[in-house]
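Colleague: I am new to this one. Please take a close look at a single part for me: the aromatic rings.

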Amino acid sequence: MSRYFTEEHEMFRKSFQEFLQKEVVPHIDKWEETGTIERFIWKKFGEMGYFGLNQPEKYGGMDLDLFYTVIFLEELQKINSGGFAAAMWAHAYLAMTHVKVEASNELKEKYLVPAIEGEKIGCLCVSEPFGGSDVAGMKTTAIKKGDNYIINGSKTFITNGVYADFYVVAAKTDPGKGNKGMSIFLIDKEVEGISATKLNKLGWRASDTAELAFDNVQVPAENLMGEEGKGFSYIMQHFAMERLIMGINAHARSEFALDYALGYMKEREAFGRTLDKFQALRHSVAEMASEIEVIKEFNYSVAQRLNDGEYVVKEASMSKLLSTKIADEVAYKCLQMLGGYGYMEDYPMARLFRDSRLGPIGGGTSEILKEIIAKMVIDKKEYKPASK
């Protein structure tokens, strides 16, 4: 056993691997083709408790340590569908995290419980068509009117946005106050005035990614999550988890890519010997294996600190920045090792190559992360967690 994973963790890993092979892998190619993940699999995930790993027992969760989540993320990367993996973790760790931390008990009973059970699908709505990574510059407004808020605006690049049953939406309740005027709302899909347009993506083909429009959407005041005006702090607080998730995803898909390439190299012959006997390729493998091991060990240490309650926004930003960069390079090199077959859709590397490219873009671009890290390292800026 490693210092991070117990025997119980490894038993969970094995059972989750078996579940994925039996229940998910046979459907992956169809879901990649159609861009629609059928509802039955969400319910199976819920029945197995996979959406409740880090959720309170009070609402049907298991309240387990963060390394069960690490395993969940790693194994999802190794079935070669970044889109399917994203749909699952965006539901469980983007949308549901906000509901878990900021929602009232009433909202938790109504949405968190069925989300854990896989009966309701959630999505987090922050990015906007003209804002991208500029969260503070969002234009969507939520204006109080009697016992309701009226929401107008649009969101884009929203994972699960088309098929979601509820939306966790960031909006400006006081547009004049910049990021101090932002709040978070939980909106049911049945509310009038919401329209979703499915986006056509380079990779992550199995997941639905949407542009959402909110046209005079009336939301009850009790659907405000946490305090009015603290939305930006809530979003920033959870960004550490999101960035670490994407860092862990990156090291896991890098391992998957390298393992596949090594298997291919052992079988494929050229000039009378297998590819794994050519020095240039061997040294490339040595380099990749070293980089993967370094980022994996770092990601585990950050996960341990997050699990211990530390606010690891700097380290999580570094995790995502470096891990996704290395993952892209590994995917590129591993595809090259397959030669012409790497370019064929019948082999897994083409999909993995496309899916990996989202890593340095989603959840805060690498350029934004560099500036955030620079502020902390050079300007000594300190980020603090929000208090509900």
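Modeller: Start with Lys-381. Lys-381 lies over the face of Tyr-383, 5.0 Å from the ring centre. Keep in mind that this is a predicted model. A second charge belongs here too. Arg-13 has its charged end over the ring of Phe-5, at 5.2 Å from the centre of that ring.

Now take rings against rings. The count comes to 28 aromatic pairs. One of them joins Tyr-4 and Phe-67. This pair is stacked, with 5.4 Å from centre to centre and 25° between the planes. Tyr-4 sits in the segment before helix H1 (7-34), and Phe-67 sits in helix H3 (residues 66-77), so the pair ties together parts 63 residues apart in sequence. Tyr-4 and Phe-67 are both buried.

Next come Phe-45 and Phe-72, an edge-to-face pair. Their centres are 6.3 Å apart, and their planes meet at 85°. Phe-45 belongs to helix H2 (residues 39-47) and Phe-72 to helix H3, so this pair links parts that are 27 residues apart in sequence. Phe-45 is buried, and Phe-72 is buried as well.

For wider context, turn to the UniProt record. An unreviewed entry there places "domain: Acyl-CoA dehydrogenase/oxidase N-terminal" at residues 6-119. In the model, residues 6-119 are 72% helix and 0% strand. The end C-alpha atoms of that span lie 31 Å apart.

Terms used
Residues numbered from 1 in each chain as written. Predicted model: local features only at pLDDT ≥ 70, side-chain atom pairs only at ≥ 80, totals over all residues. Heavy atoms only, no water. UniProt positions renumbered as here; feature names shortened; annotations may be inferred. Helix = DSSP H or I, 4+ residues; strand = E, 2+ residues; numbered from the N terminus. Phe/Tyr/Trp six-rings, centres within 6.5 Å; stacked < 30°, edge-to-face > 60°. Buried < 20%, exposed > 50% of the residue type's maximum accessible area, 1.4 Å probe, protein only. Lys NZ or Arg CZ within 6 Å of the ring centre and 35° of its normal.
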